[in-house]
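Open the model in your viewer and keep the selection panel at hand. The tour goes from the whole fold to the ligand, then to two helices and a few loop residues.

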Amino acid sequence: MSVGENLEKIFSLKNKVILLTGATGGIGSVLAKGLADAGAEMALCDIGNDKLEAIAAEINENGSAKAYSLNILQMDSIKACVDNVIKEYGRIDVLINCAGINKREGFLDVTEETYDKIMGINLKGLYFLTQEVAKHMIKANKGNIINMASHNSVGMLGGCSVYGATKSAVTALTRSMAIEWAKYNIRANAIAPGHILTPLTTVTWEHPERSKYLSERIAMGRPGTPEEILGLTILLASDSSSYMSGMMYHIDGGCLAGGQPWPYDTKY
Ligand SMILES: NC(=O)c1ccc[n+]([C@@H]2O[C@H](COP(=O)([O-])OP(=O)(O)OC[C@H]3O[C@@H](n4cnc5c(N)ncnc54)[C@H](O)[C@@H]3O)[C@@H](O)[C@H]2O)c1
């Protein structure tokens, strides 16, 4: 077998049913198309149907995708969404929890409404959707879960207290999923994107001072693209990562490593 054929085989997602939340978002829409290209059958879940249907239609030109309405803030919507995916495919091989929101506000400005909404989507929704999917994975005695965490899981930005709390919690949940469900052949990992250019972050990157501040904190001096999240997602979704579980993996252009180096004379 040639190296090329072997590479294609070990990263293949052929015959894998992937439930992806946040499928119309900046990162989610790129994952939807890229994972379908790698052979997966995509169950695309999001709030707001037009964009979702359009992405599914685009994928269906060469691959396989179906759109499912999901408001992750509502328990009955979570249940109906998972039931519908199971009705269609009979199983969920990989769950990717990518839906998420943020609202930048100082600690003292956060209202109960904002707190509940960010917690509700990023944490409670992820928790109960995963619970619903895991019931089917446990019955099948196999499964694979990928949670979208964040740089804010480990390092904070001002004005992101609630968001950061949810993302730190997502890494804790990832560990719980990994250790409680390993006996059912279920793996769980988290991806921590650094600063990625998407609709969630345009307010930062289109602002001269904010983008300068952030660029200086990234060794590569630029935001990442959603496409730069795809390779690791394919690795984690494929069987080539069969011994990887319970960990969080950063994709951050050298942000945690220390950002831009000291710009002054280093010989002193
Ligand atoms: N962009 C970044 O720099 C960055 C960095 C770290 C982590 N992340 C995480 O990556 C994930 C995707 O972020 P993105 O940048 O693509 O954001 P995005 O705003 O483009 O996408 C978020 C998605 O979540 C969906 N969503 C929002 N509320 C929902 C609800 N009630 N029910 C169902 N779906 C809902 C939206 O419709 C959208 O498709 C998020 O979890 C985010 O926290 C992003």
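Helices here are DSSP runs of H or I with at least four residues, numbered from the N terminus. With that numbering, select helix α2, residues 26–37. This helix gives the largest share of the shell around the ligand, three residues. Keep in mind throughout that the model is predicted.

**Whole protein**

Zoom out and colour by secondary structure. You should find nine helices and seven strands. The radius of gyration is 19 Å, close to the 18 Å that the globule rule gives for 268 residues, so the protein is as compact as a globular protein of that length. Along the principal axes, the C-alpha atoms fill a box of roughly 60 × 55 × 40 Å. Of the 268 residues, 41% count as buried. Now turn to contacts with a separation of 6 or more: residues 24 or more positions apart account for 72% of them.

**The ligand shell**

Select the ligand and display its surroundings. The shell holds 29 residues. Label the closest ones: G22, G25, I27, G100 and T198. Then colour the shell by class. It has 14 nonpolar residues, 14 polar residues and one charged residue.

**Helix α2**

Go back to α2. Its 12 residues reach 17 Å from the first C-alpha to the last, close to the 16 Å expected at 1.5 Å a residue. Show its buried residues: I27, G28, S29, L31, A32, K33, L35 and A36. I27 is also among the residues closest to the ligand. Step just past the end of the helix to G39, which takes a positive phi of about 110°.

**Helix α3**

Select residues 49–60 next; this is α3. At 1.5 Å a residue, its 12 residues should span 16 Å, and the end C-alpha atoms are 16 Å apart, which agrees. Which residues of α3 are buried? Highlight L52, I55, A56 and I59. Look down the axis: these buried residues fall within an arc of 100°, so they line one face of the helix. An α-helix has 3.6 residues a turn, so residues three or four places apart point the same way. The buried residues of α3 pack against α2, β2 (41–46) and β3 (64–69). Rotate to the other side of α3, where D50 and A57 are exposed.

**D93**

Where does D93 lie? Find D93 in the loop between α4 (75–89) and β4 (94–97). D93 counts as partly exposed, because 19 C-beta neighbours lie inside 10 Å and the buried class starts at 20. Leaving out residues up to four places away in sequence, D93 touches K16, V17, I18, G143 and N144. Add a distance from D93 to V133: these residues are 40 apart along the chain, and their C-alpha atoms are separated by 9.6 Å.

**N15 and N141**

Finish with two asparagines. Select N15, in the loop between α1 (3–10) and β1 (17–21). N15 is not a glycine, yet its phi is positive, about 70°. Is N15 buried or exposed? N15 is exposed, with 9 other C-beta atoms within 10 Å.

Then pick N141, in the loop between α5 (112–140) and β5 (143–148). Phi of N141 is near 55°, again a positive value in a residue other than glycine. N141 has 10 C-beta neighbours inside 10 Å, so N141 counts as exposed.

Note on methods: Residues are numbered from 1 along each chain as its sequence is written. This is a predicted model: local features need pLDDT of at least 70, side-chain atom pairs count only at pLDDT 80 or more; totals for chains, interfaces and linings use all residues. A residue is near a molecule or strand if its C-beta atom, placed from the backbone, lies within 6 Å of it. Ala, Val, Leu, Ile, Met, Phe, Trp, Tyr, Cys and Pro count as nonpolar, Asp, Glu, Lys and Arg as charged, and the others, Gly among them, as polar. The radius of gyration is taken over C-alpha atoms; the globule rule is 2.2 Å times the number of residues to the power 0.38. A residue is buried if 20 or more other C-beta atoms lie within 10 Å of its own, exposed if 12 or fewer, and partly exposed in between; C-beta atoms are placed from the backbone. Two residues are in contact if their C-beta atoms, placed from the backbone, lie within 7 Å. The expected span of a helix is 1.5 Å times one less than its number of residues. The arc is that of the directions from the helix axis to the C-beta atoms.
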